[in-house]
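Here is a friendly walk through a protein model for anyone who likes to look at the atoms before planning at the bench. Please keep the viewer open as you read.

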Amino acid sequence: MCPQVEPTPKPLVDAHAHIFCWGENPHDGFFSERTRRSWLTRLMIRLTGIRKEQGETLSEKFRSRLLRQVAESRLDFVAILAQDAVYRQDGSRDDSATHFYVSNDYVLDLVERSEKIIPCCSINPIRRDALGELDRVREAGCRLVKIHTAIQGVDPALAAFDEFYRRAAELGVVLMFHTGYEHSCTVRSQQFADPAQLERPLGHGGTIVAAHCGTCAFFDREDQYPSFVEMMRRHDNLYGDTAVMASLIRWRSLWRLAAEEPAVRARILHGSDYPFPPSRLPYLCRTGLFPPERSNPLDMDLRVKQSFDFGEGYTGKILELIGHEAAERQE
């Protein structure tokens with residue numbers, strides 16, 4: 001009798017998590033004074049107890065907590081997102097209009113601090129050196145790049161970005177676009193976040209991820225989620241992630257997404273939007289009152305979302321998309 005071979009366990013990957021910098025070293029990253037003083041920022045600082053973490057500065061405390069919670073989580077990998085600045089139409093950087101910034105080098109450095117971290121750099125295609133920066137981060141090992149349409153003021157449908165989209169496809173770099181209404185920071189335009197605006201980058205054949213699947217809060221005046229579903233039906237190279245969907249203001253999103261046809265659900269990636277915490281209240285019937293994962297927001301978010309059916313590849317497909325060596329070991 002031949003011995004039974006145990007199947008290789010599927011990797012657990014969070015494709016959408018953040019690191020913040022307070023601004024003690026603006027080269028690494030910063031919040032603007034307006035963002036620091038906002039009620040949401042002050043509330044998050046208080047509720048998360050971040051000041052109790054190790055580190056001399058708030059930025060060091062943010063980093064210490066991230067590295068600790070990533071290490072303690074049951075996740076195999078976590079993609080940490082950088083956040084590029086706002087740029088003027090002439091391609092020059094506009095720090096006065098930038099309210100949230102984390103440099104690509106800061107995120108690339110995190111890879112040296114944890115084997116679990118996958119870098120997701122951020123490039124605003126308006127910047128003069130966008131193509132050069134794309135080549136640079138790809139050479140540094142990054143194959144996932146985030147564009148925050150609403151905050152960075154990027155309309156994905158502009159023909160001016162064609163060369164950037166073409167180069168990303170040639171390099172095998174996956175482009176992640178923010179979609180759906182943004183609430184955490186000052187917004188340039190919510191309309192840039194409509195998934196229908198992704199028609200142009202999708203036309204260049206590269207892999208595109210619509211972060212948040214176009215979902216919006218229950219109080220938003222528009223619902224961009226139907227636009228996401230329509231685009232998924234039309235483009236096989238479009239994917240979505242579930243980042244921030246376990247929040248209280250988007251509590252319907254997971255149920256709606258899990259009810260879609262299999263062809264749509266098969267291209268959904270796991271993402272948390274860490275350090276924004278998941279809400280347990282809408283999912284008590286799925287997780288119980290006191291799930292063991294509640295002490296780690298990365299694990300708690302995964303527990304909530306694994307209670308829905310997003311297909312076999314939900315937790316690890318991002319590795320295949322970016323050509324990560326761990327995906328090859330699964331074959």
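What follows goes from the overall fold to salt bridges, and then to a few local spots.

This is a predicted model, in which local features need pLDDT of at least 70 and side-chain atom pairs count only at pLDDT 80 or more, while totals for chains, interfaces and linings use all residues. Residues are numbered from 1 along each chain as its sequence is written, and side-chain values use heavy atoms, with hydrogens and water left out.

**The overall fold**

The protein has 15 helices and 10 strands; these are DSSP runs numbered from the N terminus, with helices (H or I) of at least four residues and strands (E) of at least two. Its C-alpha trace spans about 70 × 45 × 40 Å along the principal axes. The radius of gyration is 19 Å, which agrees with the value near 20 Å for a compact globule of 331 residues. That radius is taken over C-alpha atoms, and the globule rule is 2.2 Å times the number of residues to the power 0.38.

Of the 331 residues, 58% count as buried. Here buried means under 20% relative accessible area, exposed means over 50%, and partly exposed lies in between (1.4 Å probe, protein chains only). Among contacts between residues at least 6 apart in sequence, 75% join residues at least 24 apart; a contact means heavy atoms within 4.5 Å.

**Salt bridges**

A search of the whole structure finds 22 salt bridges, each being a side-chain nitrogen of Lys or Arg within 4 Å of a carboxyl oxygen of Asp or Glu. Three of these pairs are listed here.

| Pair | Closest N to O distance |
|---|---|
| E72 and R68 | 3.5 Å |
| R113 and D109 | 3.0 Å |
| E260 and R233 | 3.8 Å |

The E260 and R233 pair links distant parts of the chain, 27 residues apart: E260 sits in the loop between α10 and α11 (262-265), and R233 in helix α9 (residues 225-234). E260 is buried at 14% relative accessibility, whereas R233 is partly exposed at 47%.

How many residues apart are E72 and R68 in helix α3? They are 4 residues apart, so about one helical turn separates them. An α-helix has 3.6 residues a turn, so residues three or four places apart point the same way. E72 is exposed at 51% relative accessible area, and R68 is partly exposed at 33%. Both belong to a network of salt bridges that also links E53 and R65.

For the remaining pair in the table, R113 is partly exposed at 45%, as is D109 at 32%.

**A helix with buried residues**

In helix α7 (residues 162-171), the buried residues are D162, F164, Y165, A168 and L171. What covers them includes α5 (130-139), β6 (144-147), β7 (174-178) and α8 (199-203). Just after α7, G172 takes a positive phi of about 75 degrees.

**A loop serine and a surface patch**

S279 lies in the loop between β10 (268-269) and α12 (284-287). This serine is buried, with a relative accessible area of 16%. Leaving aside neighbours within four places in sequence, S279 is in contact with A246, S247 and L248.

At the surface, F218, F219, W251 and W255 make a nonpolar patch of about 460 Å². Patches are made of residues with over 30% relative accessible area and no salt bridge, with like charges joined within 9 Å and nonpolar side chains (Val, Leu, Ile, Met, Phe, Trp, Tyr) within 5 Å. W255 lies in helix α10 (residues 253-258) and is partly exposed at 32%.

How values were computed. Accessible areas come from the Shrake-Rupley method with a 1.4 Å probe; for residues, only the protein chains shown count as cover.
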